[in-house]
Amino acid sequence: MVQTSIKVQTEDYVLNDEIEKLEANNTLDGALVTFTGRVRDNNKGHKVTNLFLEHYAGMTEKCLADIVVQAREQWQIGNVCIIHRYGELNLGDNIVFVGVTSKHRQDAFNAAQFMMDYLKVKAPFWKKETTEQGEKWLDANQSDQQEAQKWS
Amino acid sequence: MITINVLFFAAFREQLDCGQLQLNVSNDLTVADLKQQLAEKGSKWHTVFSSNTLIIAVNQELVEDEHRLQDNDEVAFFPPVTGG
């Protein structure tokens with residue numbers, strides 16, 4: 001029985017624990033792909049010191065669940081875990097985790113990339129960064145839209 | 001009359017200094033009508049509702065201006081998303 005786990009939380013997670021959960025009781029799948037997104041110290045030439053993430057509770061979880069459903073329709077994948085943090089984050093902190101298992105690597109690679117690309121343009125999260133110039137809500141990147149469109 | 005719950009997020013929430021608003025509005029109101037009503041609340045509101053990047057969700061599903069509102073709807077206004 002394949003499992004989907006979606007968590008939207010302020011607290012950090014332990015990468016190895018999440019990997020163990022994806023692999024537990026699962027000898028059917030030979031591939032595990034994980035992606036971690038972290039807070040960078042730079043953005044468009046500015047030195048970033050902090051990141052604040054806001055989200056739309058309820059819609060976020062629905063949206064992430066829908067993205068997993070869409071991934072399952074396109075690839076033969078096993079267990080899936082998406083964790084996205086919100087609130088105040090520091091440099092180097094984890095922001096997002098996507099983990100997916102599959103029998104063979106290609107499905108897990110594709111599904112992980114698809115889920116990240118869609119999450120970036122669909123899930124209702126907003127980032128506010130602090131730089132030497134003060135606080136600023138980030139504008140959406142056109143390149144993220146293009147990355148997502150390549151799957152349609 | 002119907003009662004709706006209006007939510008604002010991120011930059012819009014800060015610009016308006018308002019995260020949530022409960023409103024009694026007339027039946028058969030569309031999202032476009034609601035936007036127009038809210039825009040008339042003052043200059044900050046006018047600025048937010050003049051934004052060409054305003055995204056609208058009703059009951060947590062994306063909708064367009066023509067969408068007709070119903071009693072107890074949750075209507076959210078937010079800028080383009082930037083998570084991940």
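These are my notebook entries on chains A and B of a predicted model.

**Entry: chain A overall**

I began with the secondary structure of chain A and found four helices and nine strands. Reading from the N terminus, I wrote down the order of these elements as β-α-β-β-β-α-β-β-β-α-β-β-α. I then looked at the overall dimensions, and along the principal axes the C-alpha atoms of chain A fill a box of roughly 50 × 35 × 30 Å. The radius of gyration of chain A is 16 Å, which agrees with the value near 15 Å that a compact globule of 152 residues would have.

For burial, I noted that 45% of the 152 residues of chain A count as buried. The accessible surface of chain A comes to about 8200 Å², and carbon and sulfur atoms account for 46% of that area. When I took the contacts in chain A between residues at least 6 apart in sequence, 77% of them turned out to join residues at least 24 apart. On the charges, I recorded 17 positive and 22 negative side chains in chain A, with the centres of the two sets lying 3 Å apart.

**Entry: Asn94(A)**

I looked up Asn94(A) next and located it in strand β7 of chain A, which covers residues 94-102. Is Asn94(A) buried or exposed? Its relative accessibility is 15%, and because the cut-off for buried is under 20%, Asn94(A) counts as buried.

I then asked which side chain makes a polar contact with that of Asn94(A). The partner is Asp12(A), and the contact between the two side chains is 3.0 Å. Leaving out residues up to four places away in sequence, I listed what Asn94(A) touches: Asp12(A), Tyr13(A), Thr36(A), Gly37(A), Arg38(A), Arg85(A) and Leu89(A). Asp12(A) therefore appears in my notes both as a residue touched by Asn94(A) and as its partner in the polar contact, where being touched means heavy atoms within 4.5 Å.

**Entry: Ser143(A)**

In chain A I also checked Ser143(A), which lies in helix α4, residues 142-149. At 39% relative accessibility, Ser143(A) counts as partly exposed. I took one distance from this residue: Ser143(A) and Lys47(A) are 96 residues apart in sequence, and their C-alpha atoms are 21 Å apart in space.

**Entry: chain B overall**

Turning to chain B, I found three helices and five strands, and from the N terminus on these elements run β-α-β-α-α-β-β-β. The radius of gyration of chain B is 12 Å, close to the 12 Å that the globule rule gives for 84 residues, so I noted chain B as being as compact as a globular protein of that length. The C-alpha trace of chain B spans about 35 × 30 × 20 Å along its principal axes.

Of the 84 residues in chain B, buried residues make up 50%. I put the accessible surface of chain B at about 4300 Å², with 42% of it belonging to carbon and sulfur atoms. Among contacts in chain B between residues at least 6 apart in sequence, 55% join residues at least 24 apart. Chain B has 5 positive and 12 negative charges, and the mean positions of these two sets are 8 Å apart.

**Entry: Ala76(B)**

I picked out Ala76(B), which lies in strand β5 of chain B, residues 74-78, and which is buried, with a relative accessible area of 0%. Which residues does Ala76(B) touch, if those up to four places away in sequence are not counted? I listed Leu7(B), Phe9(B), Ile55(B), Ile56(B) and Ala57(B), together with Tyr56(A) from chain A. I also took the separation of Ala76(B) from Glu61(B), which is 15 residues away along the chain, and their C-alpha atoms are separated by 9.4 Å.

**Entry: positive phi values in chain B**

Last, I looked at backbone angles in two loop residues of chain B. Asp28(B) has a phi near 65°, a positive value in a residue other than glycine, and I placed Asp28(B) in the loop between β2 (20-25) and α2 (31-39). At 53% relative accessibility, Asp28(B) counts as exposed.

Asn59(B) has a positive phi of about 50° although it is not a glycine, and this residue lies in the loop between β3 (55-58) and β4 (61-62). With a relative accessible area of 35%, I entered Asn59(B) as partly exposed.

Key
Residues numbered from 1 in each chain as written. Chains lettered and ligands numbered in written order. Predicted model: local features only at pLDDT ≥ 70, side-chain atom pairs only at ≥ 80, totals over all residues. Heavy atoms only, no water. Buried < 20%, exposed > 50% of the residue type's maximum accessible area, 1.4 Å probe, protein only. Polar contact = N/O pair within 3.5 Å; in protein donor to acceptor, adjacent residues only side chain to side chain. Rg over C-alpha atoms; globule rule 2.2 N^0.38 Å. Areas by Shrake-Rupley, 256 points an atom, 1.4 Å probe, with all protein chains shown as cover. Lys, Arg positive; Asp, Glu negative; His and termini not counted. Charge placed at Lys NZ, Arg CZ, Asp CG, Glu CD.
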